[in-house]
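Student: I should like to study one part of this structure closely. Could you please choose a single element and explain its surroundings step by step?

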Amino acid sequence: MRARYGVPLGITAVGAAGLLYSVGFETRSFRLRRVTVPVLPKGMRPLRVLQVSDIHMVSGQRKKQRWLRSLAGLRPDFVINTGDNLSDPEGVPEVLDALGPLMEFPGAYVFGSNDYYGPKLRNPARYLFEKAQGRHGLNGNRPAVSAIHNPWEDLRDGFDGAGWVNLTNTRGALKIEGMEIGLTGLDDPHIKRDRYGRVAGGPETGADFSLGVVHAPYLRVLDAFTGDDYPLILAGHTHGGQLCIPFYGALVTNCDLDTDRVKGLSRHRVDGRTSYLHVSAGCGTNRYTPVRFACPPEASLLTLTPTP
C-alpha cells in the first residue's frame, strides 16, 4: 500500500503546504524594495520617491493597513500611487485611512481597472491561455459585461482633497524644495482608457525633472513615453507574476510586457532612445486569488540620483 499510494500522498502534502504558505504567510510578508536610479540632471540633489501599487484592499485587512501607514516613516520627498487600490467596493475608507500618513507628503496617482470595477472569480489558468493568444484585459478580449462598479469617485476625492495630483491622461507637477517635478500620466491601458495623444510632446521644458506614470506597462505606452524622451517610467499591475517558480521567475505579466521585466528596474529601448522602467510587484492580490508564491508583496523606495 505504501508503494502504491505513498508518492501521490506526498505530492498532495507538498501541494497543500505550498498553498498554506502562499495564502497564510507570503501574502502578508510585506517587503520594501530599494532601488537607485541615475536619472536626474547633473547638480540636482537626490530625490526619494515612494511607489505604492496594487493594494487591492479588502475590508478587514488590518496588517496591510498598518504596514502601509508605517511607510510614512521613510519620509519620502514624494509618493507615486500606480493604481488598483481596491478589491472591495467597501474598501475606500480603509484605503484612505491606510494611506493617510503618506498623503501628508506631496504625491500623485493614476487608477487601474480594479479602482473602477470590482473583480470577478475567474480561472487563474486563463492568464496562461491569454498570454499564449496575445490577449490581455480588453486588449483583444471581449468587453466586460455585468461589471461591478467601484466607488472610484470617492477614492479620487480623497486623494484630491489631500493635495495629490490626479494624472488621468493629463500632466501635473510637484514642487519639492524649489524644484519642479514634471509628471505625465495615463489612465489604465489594460482596459483601453489610455489617451497618449492628449499628453504627447515630451517632458515639460520648465521642469527640473520629468517622469511618466501609468498603471499597466503595455508596450505601446512604454514606446510612447520612451519615444518622447522621458528618463523614467513608473508602473504596476503585474503583481510581479504573483505565482512564480523559484530560480525561474514569473510565468505571466497580465500584459504584453516580457516576464524578464515583470518587476523591479529595467531599461526600455525604442528607436535609439532609452528610458528606465520600474514596475512594482504591488502589495495585494485579487480578492478571489489571495495567493503569492516566490513573489512577496512590496512597496518601492526609489532614490533618484544624477546621471554619471
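**A close look at strand 3**

Tutor: Strand 2 (residues 47–52) and strand 3 run parallel to each other and are paired over four bridges (two strands pair if DSSP finds at least two bridges between them; strands, E, of at least two residues and helices, H or I, of at least four are DSSP runs numbered from the N terminus). This is a predicted model, in which local features need pLDDT of at least 70 and side-chain atom pairs count only at pLDDT 80 or more, while totals for chains, interfaces and linings use all residues. Residues are numbered from 1 along each chain as its sequence is written, and side-chain values use heavy atoms, with hydrogens and water left out.

Within the pairing of these two strands, Val52 stands opposite Asn81 of strand 3. Between strand 2 and strand 3 the chain passes through helix 2 (residues 62–70), and this β-α-β crossover is right-handed (with the strands pointing away from the viewer, the path from the first strand over the helix to the second runs clockwise).

Let us now turn to the side chains of strand 3 itself. In a regular strand, side chains alternate between the two faces of the sheet. In strand 3 (residues 78–81), Phe78 and Ile80 point one way, whereas Val79 and Asn81 point the other way. Phe78, Val79, Ile80 and Asn81 are all buried (under 20% relative accessible area with a 1.4 Å probe, protein chains only; over 50% is exposed, and in between is partly exposed).

Strand 3 also pairs with strand 4 (residues 107–109), again in the parallel sense, here over three bridges. Asn81 takes part in this pairing too, as its bridge partner in strand 4 is Tyr109. Asn81 is thus placed opposite Val52 of strand 2 and bridged to Tyr109 of strand 4. Helix 3 (residues 92–98) joins strand 3 and strand 4 in a further β-α-β unit, which is right-handed.

It remains to place strand 3 in its sheet. Six strands make up an open sheet of mixed pairing, in the order 1-14-2-3-4-5. Strand 1 (31–40) and strand 5 (165–166) stand at the edges with a single partner strand each, so one side of each has no neighbour in the sheet. Strand 3 stands between strand 2 and strand 4 in that order. Strand 2, in turn, is joined by five bridges to strand 14 (residues 298–306), and these two run antiparallel. There, Leu50 stands opposite Leu301 of strand 14.
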